[in-house]
Amino acid sequence: CKVDLSFLMDGSWSIGKRRFQLQKRFLGNVAQALGIGTAGPLMGIIQYGDDPSTEFNLKTFANSKDLRNAIEKISQKGGLSNVGKALSFVNKNFFSDANGNRGGAPNVVVVMVDGWPTDKVEEASRLARESGINIFFVTIEAAAESEKQNVIEPNFVDKAVCRTNGFYSINVPSWFSLHKVVQPLVKRVCDTDRLVCSKTCLNSADIGFVIDGSSSVGTSNFRTVLQFVANISKEFEISDTDTRIGAVQYTYEQRLEFSFDKYSTKQDVLSAIKRISYWSGGTSTGAAISYASEQLFSKSKPNKRKIMILITDGRSYDDVRVPAMAAHQNGIIAYSIGVAWAAQDELEAIATDPDKEHSFFVDEFDNLYRFVNQLIQNICTEFNSQPRN
């Protein structure tokens, strides 16, 4: 179970001393059940009241025993139950490389709430989910009569977690039955196949590859290009509701190899890429961009980011500027990858601004693989810096 886990523990005054102890015991039991370690789950804790603060981060403790001892020593902060503030804090500060975030492991936040948050959680949760954090809520007991006038969002759990609600929320009727949810919670947190609710750069795009099949490429280089396309595709989460992949091959003419809705599993997409047969002919890159805009991207889903990755090895016989500008205006983010004789001025015209982040050049096909990580990183950086709908 390799997850990077953050617990938001409730330190507000409404919880009282005794229940705060029960919460610490619960966290210790969870740490024990998870089996904390560098190859498996890592766990950090943030305590929130009026303001959140990190008790320890992911790399503070590398085994369950030390973590449990440290949890025992945590003292209660007090204050209100500002859960929204705590989620914003986690989103901005907790899952950083400096704090031990491993990148390849899912980021999970488990929020412990006694009764009711005293601030809004919906917006903070949405932003956290969109930056790739899976949010679980463990709510214990309901709001006391005296708290009821402070209730801001009556159905806050429904708004805070992913829509597949039953999975991401656990309600516990009493603090004294909290120990019963240790195993169910650990099981869910470790079910990495189901931790796909967060909208991230890897599951939110329609990616269309526009592949140069001209005579100058040659059969063996064409296979290298297809391998490059496959290597990029396999990094994304592919399904009908996640990222979808489409491909166009072009020479003087254009051919739709497969559309976004054709394949809905990673395996099928990778097999389809492998089956693309080399065409051979001239190089009309401008016409290819127009064709991809009409045949592929016009059928993109409204809430998906439209990403075009164009690969070419030579100067185009037609104008690329006008078709590229039209694509950009239609909301297509264009990346241009030039090999060998590709023209730098055309690559920059095709690429979305800033060109430096969207156009790449390599002297030979065998070096294409070097751009895979850079390309994915750029797609993700851009995704995370954009305001969300």
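**Figure 1. Helix α3 gives the most residues to the lining of the largest pocket, five in number.** The model shown here and in the following views is predicted. The volume of this pocket is about 860 Å³. Its lining is made of 32 residues, and G103, A105, N107, T200 and L202 are the closest to the pocket centre. Three elements give two or more residues to the lining: α3 (83-94), β5 (133-140) and α14 (372-385). By class, the lining of the largest pocket comprises 12 nonpolar, 15 polar and five charged residues. Both domain 1 (4-194) and domain 2 (205-385) take part in the lining of the largest pocket, with at least three residues from each.

**Figure 2. The chain is assigned two parts, domain 1 (4-194) and domain 2 (205-385).** The centres of domain 1 and domain 2, taken over C-alpha atoms, lie 41 Å apart. Along its principal axes, the C-alpha trace of the chain measures about 75 × 40 × 30 Å. The chain contains 14 helices and 12 strands. Of its 389 residues, 55% are buried. When contacts between residues at least 6 apart in sequence are considered, 80% of them link residues at least 24 apart.

**Figure 3. The structure has one cavity of 30 Å³ or more.** Rolling a probe the size of a water molecule over the atoms reveals where empty space remains. The largest cavity encloses about 40 Å³ of space. The residues that line this cavity are I211, D212, V217, V225, I311, T312, D313 and F365. Strands β7 (205-212) and β10 (305-312) each contribute at least two residues to the lining of the largest cavity. Five residues of the cavity lining are nonpolar, one is polar and two are charged.

**Figure 4. K304 sits in the loop between α10 (285-295) and β10.** The relative accessible area of K304 is 9%, so this residue counts as buried, the cut-off being under 20%. Leaving aside residues up to four places away in sequence, K304 touches N203, S204, A205, D206, T241 and D242. P173 is 131 residues from K304 along the chain, and the C-alpha atoms of the two residues are separated by 40 Å.

**Figure 5. Strands β8 (residues 244-250) and β9 (residues 254-258) form an antiparallel pair.** Four bridges are found between β8 and β9. The link from β8 to β9 is a hairpin of three residues. Q249 has R255, in β9, as its bridge partner.

**Figure 6. The largest pocket and the largest cavity are shown for reference to their linings.** For the pocket, the residues closest to the centre include G103 and T200. For the cavity, the lining residues include D212 and D313. The volume of the pocket is about 860 Å³, while the space in the cavity is about 40 Å³. The elements that supply two or more residues to the pocket lining include α14 (372-385), and β10 (305-312) is one of the elements that supply at least two residues to the cavity lining.

Conventions: Residues numbered from 1 in each chain as written. Predicted model: local features only at pLDDT ≥ 70, side-chain atom pairs only at ≥ 80, totals over all residues. Heavy atoms only, no water. Pairing = 2+ DSSP bridges. 1 Å grid on protein atoms, 1.4 Å probe; cavity = no way out; pocket = protein on both sides within 12 Å on 5 of 7 lines; lining within 4 Å. Points joined across faces, edges and corners; volume = space filled by probe spheres on them. Nonpolar A, V, L, I, M, F, W, Y, C, P; charged D, E, K, R; others polar. Domains from an automatic or database assignment. Buried < 20%, exposed > 50% of the residue type's maximum accessible area, 1.4 Å probe, protein only. Contact = heavy atoms within 4.5 Å.
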